Amino acid sequence: MTDQIRPAKFEPNLPITLAETQIIDIDGQREDIPVSVVFQLHPSPRVVFESDTLAELTRRERHKRIELRSGAKLEVVLGAPYFDPDRLILIPVSQPVSVIDKGSPLKEVSFAILNLPEFYGQQDKMISDAGQWVRIPHEILKTSDWSIDITGVRNIGEAVKTLRRTRGHGITYTGSITRSDGTTFFVRNVEPLLEALRFFLSIARGAACSLALVRGKDEMSQVSWVRWGAHNSEPWLDYHSAFPRGHNEILPDLFPEFWILFMDQENRKGSTLRALDWYLQSNVSAPYIGTILTLAALEGFAYLMLSRERKKGERTGEFIGSALSKLRIPLDLPKNCQELKSMKKWDTGPHTLVDIRNNLIHPRKDLGDVSNKAYLEAWELGQWYFELMLLSRLGHQGRYVNRLANICENEESIVLIPWAPG
């Protein structure tokens with residue numbers, strides 16, 4: 001398998017050829033089919049196998065098991081390119097997928113990040129481009145054992161403009177992972193870190209972004225681990241994030257605690273990841289669906305914060321309220337939620353959110369016709385609660401982006417966290 005040289009600049013939405021290789025077996029039959037392995041970015045990221053000799057496969061089953069020259073065995077499905085239905089391609093059913101793993105110790109893992117916006121801070125780099133100095137975002141995220149270096153691509157400014165215009169997908173950062181003490185590690189050691197990084201960067205963005213072009217090198221700088229494809233990545237839109245993006249150190253400040261949270265107690269890890277995933281899914285959903293997902297995320301995170309199940313007879317609003325109170329997050333319905341305030345005199349914001357969610361599933365006569373604005377406020381309120389709970393759990397003491405300020409015109413959105421000292 002011949003790996004392709006990576007380009008100096010990554011153009012949004014354009015496919016990237018990853019390798020040239022051969023399929024040597026299909027469903028137990030020996031073959032010799034040359035294929036190009038292509039990472040498509042538009043309209044959604046996925047790896048496909050392209051070849052001019054796939055037409056004969058239409059006479060066989062659509063689902064196939066193939067073996068590559070590298071020894072990788074994959075389940076694939078026969079399909080067609082999005083904009084060229086007359087051609088045939090093979091699409092791996094599971095993505096991302098490891099296609100080379102020699103099992104040798106790794107010295108470094110490199111990767112690319114899809115659709116992460118610019119986060120500027122004190123570690124940024126200045127580069128010369130066509131006679132002009134350009135600022136490139138750069139962050140080093142550290143834990144007790146790991147060092148993660150991420151840098152914006154050289155053309156990140158133009159790439160972001162293209163992505164914003166096309167609502168597409170593109171590589172905006174590249175990065176590398178090493179041990180803090182320079183020692184080697186194995187694939188099984190770094191895979192949880194890659195997963196945590198994907199979740200953390202998605203939270204920072206406010207929507208799912210993904211890692212791609214993952215490759216590990218050994219002590220001799222030889223590639224010994226290759227992963228193709230990517231997890232889900234939302235197309236480029238201006239999603240809300242509680243993380244400010246300009247002139248701050250929020251990513252390196254919060255990642256160490258996020259890593260601890262991510263790995264804390266295996267019996268709670270599942271509920272933590274589900275809550276984070278529900279939050280991200282809510283952030284890209286319509287308010288109706290988002291409100292339901294938000295409450296599920298809040299209840300899951302409340303369990304994590306309180307270290308207990310709901311007590312007998314304890315209502316959902318009380319359970320969530322207990323978690324918010326523990327984190328010193330005010331329970332009163334915020335003044336920004338004027339539409340909700342006009343409907344009913346709820347005792348707390350969490351109870352308001354629960355009633356609105358319940359009304360979506362089982363409409364209540366006492367609430368009457370709930371307006372679109374009320375649903376929007378409830379959704380924003382739930383997401384705001386979750387963001388504050390997460391930021392408190394990560395020990396954040398500085399500024400954040402208050403999404404409730406978007407409800408009121410001319411209100412400052414980047415403000416100090418409610419529990420900030422002083």
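Start by selecting Ser221, which lies in the loop between β15 (210-217) and β16 (223-228). This is a predicted model, and in it the phi of Ser221 is near 65°, a positive value in a residue other than glycine. Most residues other than glycine have a negative phi.

Next, go to Asp27, found in the loop between β2 (16-26) and β3. Asp27 is not a glycine either, yet its phi is positive, about 50°. Is Asp27 buried, exposed or partly exposed? Its relative accessibility is 40%, so Asp27 counts as partly exposed, since that class lies between under 20% for buried and over 50% for exposed.

**Two proline loops**

Follow β3 (29-40) to the loop that separates β3 from β4 (46-50), and select Pro43 there. The peptide bond running from His42 to Pro43 is cis, with omega near 5°. Then move to Pro96, in the loop between β7 (89-92) and β8 (97-101). Here Gln95 and Pro96 are joined by a cis peptide bond, and omega is about 0°. Most peptide bonds are trans.

**Strand β14 and helix α2**

Select Arg179 in strand β14, which covers residues 171-179. Which residues does Arg179 touch, not counting those up to four places away in sequence? They are Asp145, Trp146, Thr184, Phe185 and Asn189. To see how the chain comes back on itself here, draw a distance from Arg179 to Ile148: the two residues are 31 apart along the chain, and their C-alpha atoms are separated by 8.8 Å.

Now select Val190, placed in helix α2 (residues 187-205). Val190 has 0% relative accessibility and therefore counts as buried. Leaving aside neighbours within four places in sequence, Val190 is in contact with Val109, Trp146, Ile177, Phe185 and Trp225. Trp146 and Phe185 also appear among the contacts of Arg179. A distance drawn from Val190 to Thr178 gives 9.2 Å between C-alpha atoms, for residues 12 apart along the chain.

**Helix α9**

Select residues 372-393, which form helix α9. The helix has 22 residues, and at 1.5 Å a residue it should span 32 Å; the C-alpha atoms at its ends are 32 Å apart, so the expected and modelled spans agree. How many residues of α9 are buried? The count is 18 of 22, and the helix is mostly covered. After α9 comes Gly395, with a positive phi near 80°.

**A cavity beside α9**

Keep α9 displayed and turn to the cavities, of which the structure holds 2 of 30 Å³ or more. The second largest has a volume of about 40 Å³. To find it, select its lining: Ile203, Ala242, Phe243, Tyr279, Glu387, Leu390 and Leu391. Which element gives the largest share of that lining? It is α9, with 3 residues. By type, the lining divides into 6 nonpolar residues, no polar ones and 1 charged.

**Cysteines**

Finish with Cys209 and Cys337. Cys209 has 1% relative accessibility and so counts as buried. Cys337 is at 0%, so Cys337 counts as buried as well. How many disulfides does a search of the whole structure find? The search finds 0. A disulfide is a covalent bond between the sulfur atoms of two cysteines.

Key:
Residues are numbered from 1 along each chain as its sequence is written. This is a predicted model: local features need pLDDT of at least 70, side-chain atom pairs count only at pLDDT 80 or more; totals for chains, interfaces and linings use all residues. Side-chain values use heavy atoms; hydrogens and water are left out. A disulfide is a pair of cysteine sulfur atoms within 2.5 Å. Buried means under 20% relative accessible area, exposed over 50%, partly exposed in between (1.4 Å probe, protein chains only). Helices (H or I, at least four residues) and strands (E, at least two) are DSSP runs, numbered from the N terminus. Contact means heavy atoms within 4.5 Å. The expected span of a helix is 1.5 Å times one less than its number of residues. On a 1 Å grid over the protein atoms alone, a cavity is a set of points where a 1.4 Å probe fits but cannot get out, and a pocket is an open set with protein on both sides within 12 Å along at least five of seven lines; lining residues have an atom within 4 Å of a point. Grid points are joined across faces, edges and corners, and a volume is the space filled by probe spheres set on the points. Ala, Val, Leu, Ile, Met, Phe, Trp, Tyr, Cys and Pro count as nonpolar, Asp, Glu, Lys and Arg as charged, and the others, Gly among them, as polar.
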